[in-house]
Amino acid sequence: MNILSMSQTLFYLIEQQPNSEKAVTYLRQQADAFSSNPQVAVFYRVFTALPRFVGKQPVVVPADIQFALQRVRPGLTVQDWTLDRLARVWWLLQLPADDQITYVKTISELFKAGELNELVALYSALPVLAYPEAWKFQATEGIRNNIADVQSAIMLHNPYPADYFDEPAWNQLIMKAFFTDKDVTQIIGLNERNNARLAKTLTDFAAERRAAGRSLPAHMEELM
Amino acid sequence: MDFMDSIRGMSFFDMHVHMTSRTTDDYQAMADAGVVALIEPAFWLGQPRTGVDSFRDYFASLVGWERFRASQFGIRHYCTIGLNSKEANQEELAEQVMEILPLFIYKEGVVGVGEIGFDDQTPAEDKYYRAQLELAREAGLPVQIHTPHRDKKQGTSRSMDIAIEHGIDPGMVIVDHNNEETVREVLDRGFWAGFTIYPFTKMGNERMVEVVKQYGPERIMINSAADWGISDPLAVPKTAALMKQRGISDEAIKLVTFTNAVTAFAQSGQLSLEELTQPMGIDQSQRYNGSSVLRGGQAPRVDKDSTIIK
C-alpha cells in the first residue's frame, strides 16, 4: 500500500466533512510543524489531544471516496467511524517510516499507554501502517483485549487479520468473536479464511453449548 | 422506609471512588441507586508499587479497562491522574512516574490531576505535590487534593497555601476529605470542599447533613471514596436520602451530590452537564458503535435471590 496516497485520500475525506474547517486547519498546522521538526513528543501529544480540536461527529463517506480508499487499500472501510478516529489514523501516517525499528517502537509506545478511544484508532490503523508484518503480534493482543470497542476495531470491518493472521491466530479471532457476541458477518474474510480445524473447534463448542442448555450464536453453524 | 424510595429519579455524581478495588455488584448497585457518573482518582493500591510500569499500567487501566467496565452498567467513568503522596516518598520511582504523567493527563476523560497532596508531610511529598501543581497549571486542569489523616488541619491549610503560592486559582482546586474542623477555611479561601462519607475514619452522613445545614450547598460536594477498605459505594445516594429526610431542599441536595462536582471538573473541558444528561447508549462521544453497549455489552442481570445459577 502507498502510504502517501492513503494519507491524501484520508485527508481529502476529512476536508469533505461538514463543518470541518477548524479541524482541517488544525491538522494541517500540526502536520507542517511535525514535518519540519519531527519530535516524538509532539507526535504523541497531537495523537492524544486531537479529539479536543477535531471533534467526534460521525464521518460521512461519499461513494467516490469509499471507492478510492478501496483502491489504495483493498478491504479498508471507514464507515461508522468518528472524525477523531479518522484523524488519528491519518495522523499515524504522518510518522516518517524510513527506519523500521524507530517506526515500530514509536507506535508500539502508543499502544502501551493507550486510552480506550486511542486503542480503537490504533487497531483501526493496522491495515494502513508501514511494515504490516511487524504488527502481527500486536493485532493478536487486540483480540485478547477485554474492551468491546477495542476488540471490534480489530475484528470487524478490518482487513488486517484476514491478510496477515496465520491459521491459529485467525481461529482465535473467530472463536473470540463468537464468545464476545460480535456480529461475525462484519468480519472481513469470514468465509474465505474458514478451515477444517476451525470447523472442528466450532463443532465441539456447539456440543458444549447444547450440553449447557444454551443457544448457539448466530451464523456459527454456517462455518461448521 | 427503604432509602431508595426517597431518591428515586435522582442522579448522582460520586466525584471520588476507587472502582478498581470494587466488584461488579457495586457497579450494579450504584447504577440502581442513581449514580450516573463518577471520578476515580489515581491512588495507592494498598500494595506498594516497585516499578514505573506498574504505574503506567494502572493509569492506562483508569482510561481504558475501568472506563469500559463502568460503561457496561451505564455509568460514565472519569479519572484524575497523579502520583499519590504516600508513594511520592520513593524518590527514585517518583522521578520516573513524573516523566510518564504528561503522557496521561491530556487523555480523554482525564478531568484533573489527583489525588495529590500530603500523607506524612515529608519533604519528598512537598516536592512532588509542587511539581504536579505545575503540571496541572500548564495543562489547565483542576487539582484534586487528598488532605492528610494525621495533622489534618495544619496539612489542609498548608496544601492550600502551596497551591496559591504556585499561582493556582482556588476555583480550580477541589480540597477533599474535609471535616467540621477544616471546612470553614477551605470555603472562606474560595476552594471547593469535598467531603468523604466513609464509615469510622472520615465523615458520617448525619454529620454531613449538619455541615450542609450550617454552610449551605455552595462549593460543597460529597463522595464515597470507596476503595479496598471498609467503605460504602452507595454513600452518596444514601446521604442524599438522609438529607431529604432531614429537610434539606432538593435543589441543595442536587448541588452537593451532582452539580457542584460537574461545575468544578467541567473546567477540564473533558466533561459537561450536557453530556451527563444524555442517555449513554446514544452518546456518540463514547463511541460504543451506537447501540452495541445496550445490545451486546450491557451486563446481564443475575438474580441474586435465586439459588439457581444458569
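These are my notebook entries on the domains, one helix, the core and the chain contact of this predicted model.

**Entry 1: the two domains of chain A**

I began with how chain A is split up. The assignment gives domain 1 (1-130) and domain 2 (135-224). I then looked up how far apart they sit, and their C-alpha centres are 27 Å from each other. Where the two domains of chain A meet, each of them puts in 14 residues. On the domain 1 side, I found that α7(A) has the largest share, with five residues. I also sorted that side of domain 1 by class: 10 residues are nonpolar, four are polar and none is charged.

**Entry 2: helix α8 of chain A**

Next I picked a helix in domain 2 to look at face by face. Which residues of α8 (residues 136-144) of chain A are buried? I noted A:Ala139, A:Thr140, A:Gly142 and A:Ile143. They lie on the same side of α8(A), because the arc they cover around the axis is only 145°. This goes well with a rule I keep on my bench card: an α-helix has 3.6 residues a turn, so residues three or four places apart point the same way. And what did I find on the other side of α8(A)? There, A:Phe137 and A:Arg144 are exposed. I also checked what lies over the buried residues of α8(A): the cover includes α7 (116-125), α9 (148-155), α10 (160-164) and α11 (167-179), which belong to chain A.

**Entry 3: the largest nonpolar core**

I moved on to the largest nonpolar core, which has 135 residues. The members that touch the most others are A:Leu86, A:Ala87, B:Ile81, B:Val143, B:Val173 and B:Val175. Helix α11 (residues 250-265) of chain B is the biggest giver to this core, with eight residues. From chain A, domain 1 (1-130) and domain 2 (135-224) each provide at least three residues of the core. I took a closer look at A:Leu86. Leaving out residues up to four places away in sequence, A:Leu86 touches A:Leu10, A:Leu13, A:Ile14, A:Val59, A:Val78 and A:Trp81.

**Entry 4: where chain A meets chain B**

Last, I counted the contact between the chains. How many residues does each chain bring? I got 24 residues from chain A and 22 residues from chain B. On the chain B side, α3 (52-63), α4 (65-71), α5 (91-105) and α13 (292-297) supply at least two residues each. By class, this side of chain B has eight nonpolar, nine polar and five charged residues.

Notes:
Residues are numbered from 1 along each chain as its sequence is written. Chains are lettered from A and ligands numbered from 1 in the order in which they are written. This is a predicted model: local features need pLDDT of at least 70, side-chain atom pairs count only at pLDDT 80 or more; totals for chains, interfaces and linings use all residues. A nonpolar core is a set of buried Ala, Val, Leu, Ile, Met, Phe, Trp, Tyr and Cys residues joined through C-beta atoms within 7 Å. A residue is buried if 20 or more other C-beta atoms lie within 10 Å of its own, exposed if 12 or fewer, and partly exposed in between; C-beta atoms are placed from the backbone. Helices (H or I, at least four residues) and strands (E, at least two) are DSSP runs, numbered from the N terminus. Domain bounds come from an automatic or database domain assignment. Two residues are in contact if their C-beta atoms, placed from the backbone, lie within 7 Å. Ala, Val, Leu, Ile, Met, Phe, Trp, Tyr, Cys and Pro count as nonpolar, Asp, Glu, Lys and Arg as charged, and the others, Gly among them, as polar. The arc is that of the directions from the helix axis to the C-beta atoms.
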